[in-house]
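I opened this notebook to record, entry by entry, what I looked up in one structure. I begin with a turn and work outward from there.

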Amino acid sequence: QVQLVESGGGLVQTGGSLRLSCAASVSRFNLYYIAWFRQAPGKERESVAGIGRTAHVSYVADSAKGRFTISRDNAKNTVYLQMNDLTPDDTAVYYCAARFFSVNDYAYWGQGTQVTVSS
């Protein structure tokens, strides 16, 4: 069983920054692929970024490229999402999710953290 807890959300003005954290309670954290998703009111959930087991493999959605950076610290069982130059379009609940490296579906989800960007 994998438990994920997000933190770091909040209210920020346009152009501001936030760093989200996803802390995992699991042994062998380094065997899990971790991703960030977000869901804004009235919109479908969308993928934001993901990172492989050793961070050599990662991606960031086109909407966030150049502004968001994903990283992980396997010693701390934590994945981070650094978000810069935020806009109101980034307002959403952000979730982290985990999947075992050999499985395609994300079986484990956190409860989410709210990010609100004011104009």
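**Entry 1: two hairpins.** I started with the hairpin that β4 and β5 form, which has six residues between its strands, and I noted that Gly42 in its turn has a positive phi of about 80°. I should write down at once that I am reading a predicted model. β4 and β5 pair in the antiparallel sense, and I found five bridges between them. On this ladder Ile34 stands opposite Ile51, which belongs to β5. I then followed β5 onward and saw that β5 also forms a hairpin with β6, again with six residues between the strands, where Ala55 in the turn has a positive phi of about 70°. Strand β6 covers residues 58-60, and its antiparallel pairing with β5 runs over three bridges; within it, Val60 is the bridge partner of Ala49. I reminded myself that strands of a sheet pair through backbone hydrogen bonds, either parallel or antiparallel.

**Entry 2: an open sheet.** Next I looked up a sheet of four strands, which is open, has the order β1-β3-β8-β7 and is paired in the antiparallel sense. Its edge strands are β1 (3-7) and β7 (68-73), each of which pairs on one side only. Neighbouring strands of this sheet are turned against each other by 15° on average, with direction ignored. For the pair β1 and β3 I noted five bridges in the antiparallel sense, and one detail that leads to the next entry is that Glu6 has Cys22, in β3, as its bridge partner.

**Entry 3: the disulfide.** How many disulfides does a search of the whole structure find? The search finds one, and it is formed by Cys22 and Cys96, whose sulfur atoms are 2.1 Å apart. The torsion about their S-S bond is about 65°, so I wrote this disulfide down as right-handed. Cys22 lies in strand β3 (residues 18-25) and Cys96 in strand β9 (residues 92-100), so the bond ties together parts that are 74 residues apart in sequence. I also checked whether these cysteines are buried or exposed, and both Cys22 and Cys96 are buried.

**Entry 4: the nonpolar core.** I then turned to the largest nonpolar core, which has 31 residues, and among those with the most contacts inside it are Trp36, Val48, Phe68 and Tyr94. Several strands each supply at least two residues of this core, including β4 (32-39), β5 (46-51), β8 (78-83) and β11 (113-118). In general, nonpolar side chains in soluble globular proteins tend to be buried together. I followed Phe68 further and, leaving aside its neighbours within four places in sequence, found it in contact with residues that include Arg38, Val48, Val60, Leu81 and Tyr94.

**Entry 5: two buried arginines.** Is Arg38 buried or exposed? Its relative accessibility is 6%, and because buried means under 20%, I count Arg38 as buried. Arg38 is found in strand β4, and its side chain makes a polar contact of 2.6 Å with the side chain of Glu46, as well as one of 2.9 Å with the side chain of Tyr94. Beyond the residues up to four places away in sequence, Arg38 touches several others, among them Val48, Phe68 and Asp90.

Arg67 has its place in the loop between β6 and β7, and at 14% relative accessibility Arg67 also counts as buried. Its side chain reaches the backbone oxygen of Asp85 at 3.0 Å and makes a polar contact of 2.7 Å with the side chain of Asp90. I noted Asn84 as one of the residues that Arg67 touches, which gave me my last lookup.

**Entry 6: Asn84.** Asn84 sits in the loop between β8 and β9 and is partly exposed, with a relative accessible area of 30%. Not counting residues up to four places away in sequence, Asn84 touches Gly16, Ser17, Arg67 and Phe68, and its side chain makes a polar contact of 2.9 Å with the side chain of Ser17. I finally compared Asn84 with Leu20, which is 64 residues apart from it along the chain, and the C-alpha atoms of the two are separated by 11 Å.

Conventions:
Residues numbered from 1 in each chain as written. Heavy atoms only, no water. Disulfide = S-S within 2.5 Å. Buried < 20%, exposed > 50% of the residue type's maximum accessible area, 1.4 Å probe, protein only. Pairing = 2+ DSSP bridges. Axes fitted to C-alpha atoms, helices over the stretch in contact; angles between N-to-C directions. Core = buried A, V, L, I, M, F, W, Y, C linked by side-chain atoms within 4.5 Å. Contact = heavy atoms within 4.5 Å. Polar contact = N/O pair within 3.5 Å; in protein donor to acceptor, adjacent residues only side chain to side chain.
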